[in-house]
Amino acid sequence: MTTEGNAGCARPTGGLVGEETEGSPEQKDSQEPRETRKMLMVGQKVPDFTAPAYHNNEFTTVKLSDYLGKWVVLCFYPGDFTFV
Amino acid sequence: MSIDSMFVHKMWNDDELAKMVEGGVPFPMLSDAGGKVGTAYGVYDPEAGVETRGRFIIDPDGVLQGYEVLTPPVGRNVNESLRQLQAFQLVRASKGAEATPSGWLPGKATLTPGINLVGKVWQEWKTEQAFK
């Protein structure tokens with residue numbers, strides 16, 4: 001489900017699975033207008049991603065598709081130590 | 001999931017949340033530095049540089065069944081999220097034969113959509129059921 005991560009000095013990041021990495025030649029053109037923001041559609045598959053995580057006193061990496069076969073509630077929030 | 005690093009997640013969990021919930025947060029706290037995942041899910045606010053309060057219910061096939069997004073100052077209702085999750089689980093277990101009407105709570109009556117229900121919902125379901 002999760003893979004253990006090592007807590008080095010670099011701040012790890014995740015990202016979308018299957019997405020081209022930023023800075024690839026096709027994406028260099030900065031004149032290109034940013035893609036319009038859009039919402040996901042219910043009834044459709046969600047984008048897969050990996051993300052660094054903290055769980056059970058360990059640093060790990062979570063991949064959403066590892067949870068296929070289970071129900072998932074995914075929550076976003078503005079930031080740690082916010083109040084609500 | 002927030003834009004905070006997993007290191008900040010650790011500090012928040014260990015120093016504050018563990019005082020609210022015994023043993024700390026029981027699920028993985030995910031980091032989305034840069035907001036790439038939040039952008040794909042439509043909840044990253046690039047001007048504020050943070051994610052809004054988005055909640056997504058994803059079924060065992062990876063299909064999005066429902067979502068709710070709130071601006072930062074208003075918190076979520078966890079019971080409502082659990083109610084929706086239970087409703088989606090019931091519908092899935094019935095292979096779509098049953099549906100949960102407005103106001104449905106676990107244990108309350110469901111509807112069986114089909115030709116026999118056309119024009120007959122008023123007999124099966126009362127308006128008060130939406131409110132209690």
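Is Lys10(B) buried, partly exposed or exposed, and at what relative accessibility? In this predicted model, Lys10(B) counts as partly exposed, at 26% relative accessibility. Its salt-bridge partner is Asp14(B), with 2.6 Å between the closest N and O atoms. Asp14(B) also counts as partly exposed, at 29% relative accessibility. Both residues belong to helix α1 (residues 6–20) of chain B, where they sit four residues apart, about one turn of the helix. An α-helix has 3.6 residues a turn, so residues three or four places apart point the same way.

Across all chains, a search of the whole structure finds four salt bridges. Another of these joins the side chains of Asp59(B) and Arg92(B), at 3.6 Å from N to O. Asp59(B) lies in the loop between β4 and β5 of chain B, and Arg92(B) in helix α3 of chain B, so this pair ties together parts that are 33 residues apart in sequence. Asp59(B) counts as buried at 5% relative accessibility, while Arg92(B), at 35%, counts as partly exposed. Arg92(B) also forms a salt bridge with Asp61(B), the closest N and O atoms being 3.2 Å apart. Asp61(B) is in the loop between β4 and β5 of chain B, so its pairing with Arg92(B) ties together parts that are 31 residues apart in sequence. Asp61(B) is partly exposed, its relative accessible area being 40%. Through shared partners, Asp59(B), Asp61(B) and Arg92(B) are joined into one network of salt bridges.

Helix α3 of chain B itself covers residues 78–93; its 16 residues should span 22 Å at 1.5 Å a residue, and its end C-alpha atoms are indeed 22 Å apart. At the N-terminal end, Asn77(B) acts as a cap, with a side-chain oxygen 3.0 Å from the backbone nitrogen of Asn79(B). Just after the helix, Lys95(B) adopts a positive phi of about 55°. The buried residues of α3(B) are Ser81(B), Arg83(B), Gln84(B), Leu85(B) and Ala87(B). Their cover includes β5 (72–75) of chain A as well as β4 (53–58) of chain B.

Ser31(B), in the loop between β1 (29–30) and α2 (36–40) of chain B, is buried, with a relative accessible area of 2%. Its side chain reaches the backbone oxygen of Asp4(B) at 2.7 Å. Beyond its neighbours within four places in sequence, Ser31(B) has contacts that include Ala51(A), Pro52(A) and His9(B).

On the surface, Met39(A), Val42(A), Tyr67(B) and Val69(B) make up a nonpolar patch, together offering about 290 Å² of accessible area. Val69(B) belongs to strand β5 (residues 64–70) of chain B and is partly exposed, with a relative accessible area of 36%.

Key: Residues numbered from 1 in each chain as written. Chains lettered and ligands numbered in written order. Predicted model: local features only at pLDDT ≥ 70, side-chain atom pairs only at ≥ 80, totals over all residues. Heavy atoms only, no water. Helix = DSSP H or I, 4+ residues; strand = E, 2+ residues; numbered from the N terminus. Buried < 20%, exposed > 50% of the residue type's maximum accessible area, 1.4 Å probe, protein only. Polar contact = N/O pair within 3.5 Å; in protein donor to acceptor, adjacent residues only side chain to side chain. Contact = heavy atoms within 4.5 Å. Expected span 1.5 Å × (residues − 1). Patch = residues over 30% accessible without salt bridge, like charges linked within 9 Å, V, L, I, M, F, W, Y side chains within 5 Å. Areas by Shrake-Rupley, 256 points an atom, 1.4 Å probe, with all protein chains shown as cover.
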